[in-house]
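Trainee: I would like to go through this model piece by piece. Could you answer my questions as we look at it?

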Amino acid sequence: MEACSIARIINLGDLAMRPKKLCRLLIKLLSDLLLKESGKYEYVHPPPMETQAADLPELSQDMLMEIFALLEIPDLVRAGSVCQSWRSAYTSLRDMGQYKQQTPCLLYTTESSGEKVSCLYSLVEKRAFRLTLPGTPLHKRLPIGSSHGWVVTADELSELHLVNPITGQQIALPPVITIEQVKPIFNDIGVVQGYKIGWYCAEKDYGDPYGEPSPILTPSELRDHLYYKAFVFPDPLTRSFIVVVIHYPFCQLSFARVGDDKWTWLPHNTRYRDCVYHDGLLYALTSHGQIDAFDITASVVTRKVIIKHMKGISESMYIIQAPWGDLLQVWRTVDAAEQQDGDDDTLCYETEDGIVPVMRTKEIKVFKVDMAANKLVQINSLPYHVLFLGHNQSICLRAEEYPQLRANHVYFTDDHVDLLMLIKNGPRDIGVFDLENRRRKKTISPIWSSWPSPVWITPSIAKADGWCVPCGVGTPVMGGRELERRGGLMACSLT
């Protein structure tokens, strides 16, 4: 399809009254141009195509922005690479944050893509996009959480960073040695050579829990023994972000704001599993179903118990802010795989320690948190909503706003931390759970690597000006053209 032919086959006046129709036509044209230009791969950040784009009919910036606001991030970023006027519309949308709420994608690595390449699986397009992060590649990082387009990763020195996989921007978080229980071990010239983890909480110091001195962990080993899960929440007061980390020992809480020089310990409780931030309060869920609320904006942080300790709960636990305003608790039961689970024929696999069963999600239960009655009310189905669980901020979406997703279903990834850390080369628990018939369905795609475990992210092109460190401290923020020169995103069809 020649670029100039669009002017002869469409009536812009008619299409201007139907932006969604125009959107689909323009993106089809864009895809044809990109495929013609790139051949095998469809680049999301392609080289500029001013020559082909010169024959496109002129559309006003307002119309372009209205159209682009309907796009998923991969199409939006590619549209911004077509010509200067489209780039201008893309930049305006990015700076104002006025693009549509994005459908979650799955971020993962695979050996076939190479060491430096990560993959982003789109549930909308049902295919994977390749991307290259600046600096340390994803397969050498440990992703421990994702929220609002950011992934929290621990590098090979166990230091934490916020990473936006779409823009390549990175933000360094406070040093690991400022986490309360982390004790650095220095060599004779004052350089950190390792760490010890202090086995204590506010209530008790357990000393050496195994009856002998705790081992000295190398900088690269520390992350496997320290981090459980992390979260990123917008902070309206500072117009920046709050990062909350659940960490060992005993799954305690620490938090920091972007720009802080140390982590703040919340010593009030232990055994936390999940967190959500709402109306200035941090709600944290324990493995026994207790919900604690913290006002972390106060000069002295206090805790209020919202739901008391519930005995006998052993499932994976999640807390979610529902679109209609309620808090939800979600319980996930995981057990050894059986033949009828349907994912594959593999029921066990061999490790250095022997034969280990494959673990699969067997049941997911949803509860409404009744704060007034201090109890949980089970919800048997969510006919108009969709849940996402894993090493991401647990989320509940309105199905009508995401037509490509299955209503009344739970999309989940593997977040069984003990197995993730101890057995890095085993098959992962990834799939979709039907809340109506209470059954697990086949995984979204069979093309996943074992390590690091895939994580849901909600793509974002938002810039965090002033904090971005894409390739090292002090490096300027990468713009669109710079991202193009460094590789950016490219898409390939799944086989």
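**Helices, sheets and loops**

Trainee: Which residues of helix α5 are buried?
Mentor: The model is predicted. Helix α5 covers residues 61-68. A residue counts as buried when its relative accessible area is under 20%. In α5 the buried residues are Leu64, Met65, Ile67 and Phe68.

Trainee: What arc do they cover around the axis of α5?
Mentor: In an α-helix, residues three or four places apart point the same way, because there are 3.6 residues a turn. The buried residues of α5 lie on the same side of the helix, because they cover an arc of only 160°.

Trainee: Which residues of helix α8 are buried, and within what arc do they fall?
Mentor: Helix α8 runs over residues 219-226, and its buried residues are Pro219, Leu222, Arg223 and Leu226. They line one face of the helix, because seen down the axis they fall within an arc of 100°.

Trainee: What covers the buried residues of α8?
Mentor: The cover includes strands from several stretches of the chain. Among them are β5 (142-147), β6 (150-154), β9 (182-186), β10 (192-197), β11 (227-235) and β12 (240-247).

Trainee: Which strands stand at the edges of the sheet β15-β16-β17-β18?
Mentor: This is an open sheet of 4 strands with antiparallel pairing. Each edge strand has a single partner, so one side of it is left without a neighbour in the sheet. The edge strands are β15 (272-278) and β18 (303-307).

Trainee: What is the average twist from one strand to the next there?
Mentor: The sheet has the strand order β15-β16-β17-β18. From one strand to the next, its twist averages 25°.

Trainee: Which residue in β16 is the bridge partner of Tyr277?
Mentor: Strand β16 (residues 281-286) runs antiparallel to β15, and 6 bridges join the two. The partner of Tyr277 in β16 is Leu282.

Trainee: Which strands stand at the edges of the sheet β19-β20-β23-β24, and what is its average twist?
Mentor: This open sheet also has 4 strands and antiparallel pairing. Each of β19 (316-321) and β24 (375-379) has a single partner strand, so these two stand at the edges. The twist from one strand to the next averages 35°.

Trainee: Which residue in β24 is the bridge partner of Asp370?
Mentor: Strand β23 (residues 359-370) and β24 run antiparallel, joined by 5 bridges. The partner of Asp370 in β24 is Lys375.

Trainee: Where does Pro427 lie, and which residues beyond its neighbours in sequence does it contact?
Mentor: Pro427 is in the loop between α9 (417-422) and β28 (431-434). It is partly exposed, because its relative accessible area is 31%. Leaving aside neighbours within four places in sequence, the contacts of Pro427 are Tyr349, Val358, Arg360 and Asp414.

Trainee: How far apart are the C-alpha atoms of Pro427 and Ser453?
Mentor: Along the chain, Pro427 and Ser453 are 26 residues apart. Their C-alpha atoms are separated by 9.5 Å.

Trainee: What is the relative accessible area of Thr136?
Mentor: Thr136 lies in the loop between β4 (127-132) and β5. Outside four places in sequence, it contacts Arg141 and Glu156. Thr136 is partly exposed, with a relative accessible area of 27%.

Trainee: What percentage of the residues of the protein count as buried?
Mentor: The protein has 10 helices and 31 strands. Of its 495 residues, the buried share is 53%.

Definitions and conventions:
Residues are numbered from 1 along each chain as its sequence is written. This is a predicted model: local features need pLDDT of at least 70, side-chain atom pairs count only at pLDDT 80 or more; totals for chains, interfaces and linings use all residues. Side-chain values use heavy atoms; hydrogens and water are left out. Buried means under 20% relative accessible area, exposed over 50%, partly exposed in between (1.4 Å probe, protein chains only). The arc is that of the directions from the helix axis to the C-beta atoms. Two strands pair if DSSP finds at least two bridges between them. Axes are lines fitted to C-alpha atoms, for helices over the stretch in contact, and angles run from 0 to 180 degrees between N-to-C directions. Contact means heavy atoms within 4.5 Å.
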